Amino acid sequence: MTITPETSQPTDRILAGVALMLGFCLTAPLLDVAAKLASSSVPVGQITAARFVVQCILMAPFIWFMGLSLRVAPGHRLALLFRAILLLVATFCFITAIRVMPLADALAIVFVAPFIVLLVGKYYLGEDVGRRRVGAAVVGFVGVLFVIQPSFAAFGAVAFIPLGTAVAFAFYILLTRGLSRRMHPVTLQFHTGLIASLLCIPILIVAQGSGSEQFDPVWPTGIAWVWLLGVGFFATLSHMMMTYALSLAPSATLAPLQYFELPVATLFGYLVFQDFPNVLSLIGIAIIIGAGLYMIHRERVTARQLMTERAAPPI
């Protein structure tokens, strides 16, 4: 991912951005915990729909209080649709995986998404990406294989499902790059939730009574309501934290902090479900984090070189 350095933010704004990003890392795994708890009695499709319906409801007051327009330019509508579909697919795949897999294992595989973004940027979009960053991406994929191997032995083909999340989320990131420059982040989040909800609900209506384990909706009972609301609440809260963190601090400062989400997910997985990655998975997680941090380091070096070249007086 291309990182644009920003050096003009006051220190207090940068510290606020760092605090919000750490808040994201602490709250995003709670979304996964709530989804895994809900999946014991509620179909994955219904949990996915709840995530977006609740997000849409929670975002609506922000639209009103901030006086934001809901109008979408015709040129942005198709991109918004594809963005919502990609996030919908990513969410569905991830919840399907964590029904049986430990949170940390599934999330570690999803962290291959930045490497996919980098490779797509180089080989499809023609972005200038050096050999070292490509090498870091390859090493990151090797780390993912370390995580997948024991998960495949324990859970079967479901271990590959988080790769679907990674691919869908990578292209979601690429689409978000362009849209975020032309739409307010709150409006963007609201429309994503609205479109995804409108796509989910008809599927659940059609699947009602079908007996489908994934899509036939049920009436939640007891604490299942709390888990469903928690999925949407923590999804909205964590993504809003990330959005505003990126508006306060340079992405180069915040990017390494995202890997803090992995140990937090490991801790929650152990405390709530008594799940803990085995040695091979832990090695893979360490490789993924190391490769990701090295890739971020190389992006910083490249960004500094570009700034130096631009600042140099013409000869």
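In helix H11, the buried residues are Glu261, Leu262, Val264, Ala265, Thr266, Phe268, Gly269 and Phe273, where buried means under 20% relative accessible area, exposed means over 50%, and partly exposed covers what lies in between, with a 1.4 Å probe and protein chains only. Before going further, I should say that this is a predicted model, in which local features need pLDDT of at least 70 and side-chain atom pairs count only at pLDDT 80 or more, while totals for chains, interfaces and linings use all residues. Residues are numbered from 1 along each chain as its sequence is written, and side-chain values use heavy atoms, with hydrogens and water left out.

Helices here, and strands likewise, are DSSP runs numbered from the N terminus, with H or I over at least four residues for a helix and E over at least two for a strand. H11 itself has 13 residues and reaches 17 Å from its first C-alpha to its last, close to the 18 Å expected at 1.5 Å a residue, the expected span being 1.5 Å times one less than the number of residues.

Just after H11 comes Gln274, with a positive phi of about 60°, and Gln274 is a residue other than glycine. For context, most residues other than glycine have a negative phi. Gln274 sits in the loop between H11 and helix H12 (279–311), and Gln274 counts as exposed because its relative accessibility is 57%.

Let me turn to the partner of H11. Helix H4 (residues 103–110) packs with H11 (residues 261–273) at an angle of about 155°, with the axes 8 Å apart; the axes are lines fitted to C-alpha atoms, for helices over the stretch in contact, and angles run from 0 to 180 degrees between N-to-C directions. That angle makes H4 roughly antiparallel to H11, given that angles over 145 degrees count as roughly antiparallel, under 35 as roughly parallel, 65 to 115 as roughly perpendicular and the rest as oblique. The crossing of H4 and H11 is right-handed, meaning that the near helix is turned clockwise from the far one by less than a right angle, whereas an anticlockwise turn would make it left-handed.

Which residues make the contact? On the H4 side they are Leu103, Ala104, Leu107 and Ala108, and on the H11 side Glu261, Leu262, Ala265, Thr266, Gly269 and Phe273, with contact meaning heavy atoms within 4.5 Å. These residues of the contact divide into 7 nonpolar, 2 polar and 1 charged, where Ala, Val, Leu, Ile, Met, Phe, Trp, Tyr, Cys and Pro count as nonpolar, Asp, Glu, Lys and Arg as charged, and the others, Gly among them, as polar. As for H4, 8 of its 8 residues are buried, so H4 is largely enclosed by the rest of the structure.

The last residue of H4, Val110, also leads us to helix H7 (residues 161–179), in which Ala166 is found. Ala166 and Val110 are 56 residues apart in sequence, yet 4.6 Å apart in space, C-alpha to C-alpha. Leaving aside neighbours within four places in sequence, Ala166 is in contact with Ile109, Val110, Val112, Ala113 and Ile116, and Ala166 is buried, with a relative accessible area of 0%. Thr176 lies in H7 as well and, at 17% relative accessibility, counts as buried; not counting residues up to four places away, Thr176 touches Arg83 and Leu188.

A second helix pair involves helix H2 (residues 44–65), which has 22 residues and spans 33 Å from its first C-alpha to its last, close to the 32 Å expected. The axes of H2 and helix H8 (residues 185–207) come within 8 Å and cross at roughly 145°, and this crossing of H2 and H8 is left-handed. Among the residues that meet there are Phe52, Cys56 and Met59 in H2, and Phe190, Leu194 and Cys200 in H8; the residues of the contact of H2 with H8 divide into 15 nonpolar, 9 polar and no charged. Also in H2 is Ala50, buried at 13% relative accessibility, which touches Leu228 and Gly232 when residues up to four places away are not counted. Just after H2, Gly67 takes a positive phi of about 65°.

Finally, the whole protein chain: there are 12 helices and 0 strands, and 49% of the 315 residues count as buried. Among contacts between residues at least 6 apart in sequence, 86% join residues at least 24 apart.
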